[in-house]
Amino acid sequence: MPKIADKYLKIDPWAIVEEGFDPQRNRVSESIFSLGNEYMGVRGYPEEGYSGDSLKGSYFNGLFEQMEVSAHYKGIIRSLRFMVNAVDWLYTRITIDGETLDLATSRISDYSRRLDFRTGIYSREFVWHLQGGKSIKLEFTRLVSMTASNLGGQRIKLTPLNFSGTAQLRTGLDFSVIHEDQGRGFWKCLGKDNRDGIRAMIGETANTGNRLYASYKAHSDAMTASVDIEDELFIGQDLTLRLEQGQVAVFDKLVVNYAEKNLLTDLDSLWARGHDLALKHTAPGLETALEDQHAYWKRIWETSDITIDGDEENQQGIRFCIFQLYQTYHGDNPGFNIGAKGLTGEAYRGLAFWDTESYCLPFYIFNNPKAAKSLLEFRYKSLPEALQRARDVDCEGAFYPIATIDGTESCDLWQHSNLQLHVGTAVAYGLWHYVKIVGDKAFLYEKGVEMLIQIARFYATRGQWGQKTGQYGYYGVMGPDEFQLMVNNNAYTNLLAKKMFEYTLESVEEMRREEEAAFNELAGRLELKDEELVQWKHLAEHMRIPKDEQSGIYEEHDGFFDMPHLDIHSIPVTDFPLYSNWSYDRLYRYDMIKQPDVLMFMFLYNQQFTLEEKRVNYEYYEPRCIHESSLSPSIHSILASELGKHQEAYKFFEFATRLDLDNYNRNTREGLHTTSIAAAWMNVVYGFGGMRSDGEELVLNPSLPERWRGFSFHIVYQGTTLKVNVERTQVKVRSLSEGGSVRLRIYGEPHTVDESGLVIALPSAERGIVS
């Protein structure tokens, strides 16, 4: 199925630029121009009020509401949680001569907006032509601080072009925002405060009791009057600003938000903590916050930039991906996770999936190990909920949820929440990958081994033995494919479980040997017996992995090879997305797959399969995959690149970096595809960079797409920042860390890379030519 770009943004290597206001594309732009800092996020909606189509979205990581769902059987969830739309802290209304600004009804010209990757600043400007003939230029700037998680900022510049007079500007904090997915608001006010120039209020969610302290401090040299205003869910001011023709009047607003999910915290303590944070973060002023933001992003691009020479669109696209990944998560708040839409919209309810460990974690491992550790901290923090979920489904150990915001299962489709078992193995894989690359044995011993033991206990009690094969496996499951329901012995599920058992046993023995006292305490607390370890070894050795030995093709699950075949290219383009146009049961009748399943484990454990095994499996499964998931093309591109299918690899890559920028799936309006953005990074580094990180040594086998003159990327490996530069005829690799050197395998040969760097010829077979 072809995916067609909706191109309307200006190409710029360091920014997203929109020229001219298009109401039909406004929601798409609101997603693209979102700001965030992992603690809070805000969509790019017009803060001055807009009566057209808009999703006014303000979100806080882990701040959630819940709703009850019908459940008639044991093990099916009875309530689900979702990230709740929160305070509109950018609230603004501008009125001149009785006319209030509204892009849906006001006459404007010279409209543009810009999201600058180098400064982290979102800005808009346009000229407002009032009905009486007056014109005024307006410039809006906003930031969500990357150095102070609670801080947001707003600046409005008003320049009257042909008159002098006054403007009325209303500013404040509005908790009456509607959560669109539910069609209602979820906040009540616990109180308001006005002291030290800081206006504040505390909101509480209706069902979960999550609380949010929101405050702001406003300043303008042009202000001539200020009147305090309050409503049930609003606190703010009506300001009168003096306007002089040709002169700029500036209004600044600094906002401090503090979310509190601990229901035991008393209200007085919350007021005190919030006010202290407000005093601390507003004191330096907005100009300092802007400077700090610029300095932060300067440091990021020095160690995380990817350059593409000869492809301006994908240069812009990949920088947008890196920018959004840092906005979504950077490890300053341990225990947070990454929702499928980040903090940019309400689709997927703000929930995190297995994508976190399998798609997002590699970016952070190789760019920001602190953030990678923080992601794993979330899984440890939510271990109690995983233990309870296992009991709910009649198992032992820890059953990690397929969709969650706080550790509890929040997917109300039982076939996903009860049958998709692969989250636990993704957590185990992510832990293995993190420890392997970063070398953080302390985390493994303090928290990792405990998680592994409880994950192993779940998989040891969820599986069964086959009557005919005498092998162990998992029955009544759904693999990553998701178009195969209630199948037996999904190859991905079984193979990842086998690897999990093996890694658990290896880690237990290592901890017993290296940290005996700590291990004995853990084993005693968990009542771990040697008999369990023997059992896990037996299960791993007898795990069923369906495979046709003659062809070398792994069978996605028992019976897959005998399913009716469907030529996916015969499906009319008007039928996509299939979820919307086919009856639900129809999806499960064919050998059509939604996204990589067998190919996914060949990516994760890439070096354990021969090139020929990867080739025959790729050539069997690729024609059966419809890529209904935005995560799918990048994995296919990575494997195609490895197999020398360079044009095919580039075809899959073409919309990876620009999936949201060009609205390929026609759903960017709902929020950004955060985990797909991470997959785009993998597509460059693991695909064209040829990096493999699952073996004994880090491997690089770069190839150069025919359309590119060159590209470069950065990775952090064993504490050393490396820059890899791929040119037309050679590859340059060097360390950017003083005194840092690492061992790598490049095109099969071992090398030591230090500050002096090395230069290696680019094989002719890797220059984008079809093999």
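This report describes strand pairing, one helix, local backbone features and the nonpolar cores of a predicted model.

**Sheets and strand pairs**

One open sheet holds 3 strands in the order E27-E31-E32, with mixed pairing. Its edges are taken by strand E27 (698–700) and strand E32 (749–753); each has a single partner strand, so one side of each lacks a neighbour in the sheet. On average, neighbouring strands here are turned by 40° against each other, direction ignored. Within this sheet, E27 pairs with strand E31 (residues 742–746) in the parallel sense, over 3 bridges. Leu700 has Ile746 of E31 as its bridge partner.

Another open sheet, also described as having 3 strands, follows the order E2-E3-E4 and is antiparallel in its pairing. Strand E2 (35–36) and strand E4 (58–60) stand at the edges with a single partner strand each, and therefore one side of each is left without a neighbour in the sheet. Strand E3 (residues 40–42) is joined to E4 by 3 bridges, and the two run antiparallel. In this pairing, Gly41 stands opposite Tyr59 of E4.

In general, the strands of a sheet pair through backbone hydrogen bonds, in either a parallel or an antiparallel sense. A further antiparallel pair is formed by strand E17 (residues 223–231) and strand E18 (residues 234–243), over 8 bridges. A hairpin of 2 residues connects E17 to E18. Asp231 has Phe234 in E18 as its bridge partner.

**Helix H6**

Helix H6 (residues 369–381) comprises 13 residues and spans 18 Å from its first C-alpha to its last, close to the 18 Å expected at 1.5 Å a residue. Its buried residues are Ala371, Ala372, Ser374, Leu375, Leu376, Glu377, Phe378 and Arg379. These buried residues pack against helix H5 (355–367), helix H7 (383–392), helix H9 (422–438) and helix H10 (441–462).

**Local backbone features**

The peptide bond from Phe576 to Pro577 is cis, with omega near -5°. Pro577 lies in the loop that separates strand E26 (553–554) from helix H14 (578–581).

Positive phi values occur at Glu482, which is not a glycine, and at Arg666, likewise not a glycine. The table lists their values and places.

| Residue | Phi | Loop between | Relative accessibility |
|---|---|---|---|
| Glu482 | near 70° | strand E23 (475–477) and strand E24 (487–488) | 12% |
| Arg666 | about 60° | helix H18 (646–653) and helix H19 (674–688) | 43% |

Because buried means under 20% relative accessible area, Glu482 counts as buried at 12%. Arg666, at 43%, counts as partly exposed.

**Nonpolar cores**

In soluble globular proteins, nonpolar side chains tend to be buried together. The largest nonpolar core of this model has 216 residues, of which Ile32, Tyr364, Phe366, Phe501, Phe601, Trp681 and Leu744 touch the most other members. H10 supplies the largest share of this core, 12 residues. A second core, separate from it, has 24 residues, including Tyr50, Leu101, Leu103 and Tyr111.

Within the largest core, Phe501 is one of the residues that touch the most other members. Leaving aside residues up to four places away in sequence, Phe501 touches Ala456, Tyr459, Ala460, Tyr474, Trp536, Leu539, Ala540 and Met543.

Key: Residues numbered from 1 in each chain as written. Predicted model: local features only at pLDDT ≥ 70, side-chain atom pairs only at ≥ 80, totals over all residues. Heavy atoms only, no water. Pairing = 2+ DSSP bridges. Helix = DSSP H or I, 4+ residues; strand = E, 2+ residues; numbered from the N terminus. Axes fitted to C-alpha atoms, helices over the stretch in contact; angles between N-to-C directions. Expected span 1.5 Å × (residues − 1). Buried < 20%, exposed > 50% of the residue type's maximum accessible area, 1.4 Å probe, protein only. Contact = heavy atoms within 4.5 Å. Core = buried A, V, L, I, M, F, W, Y, C linked by side-chain atoms within 4.5 Å.
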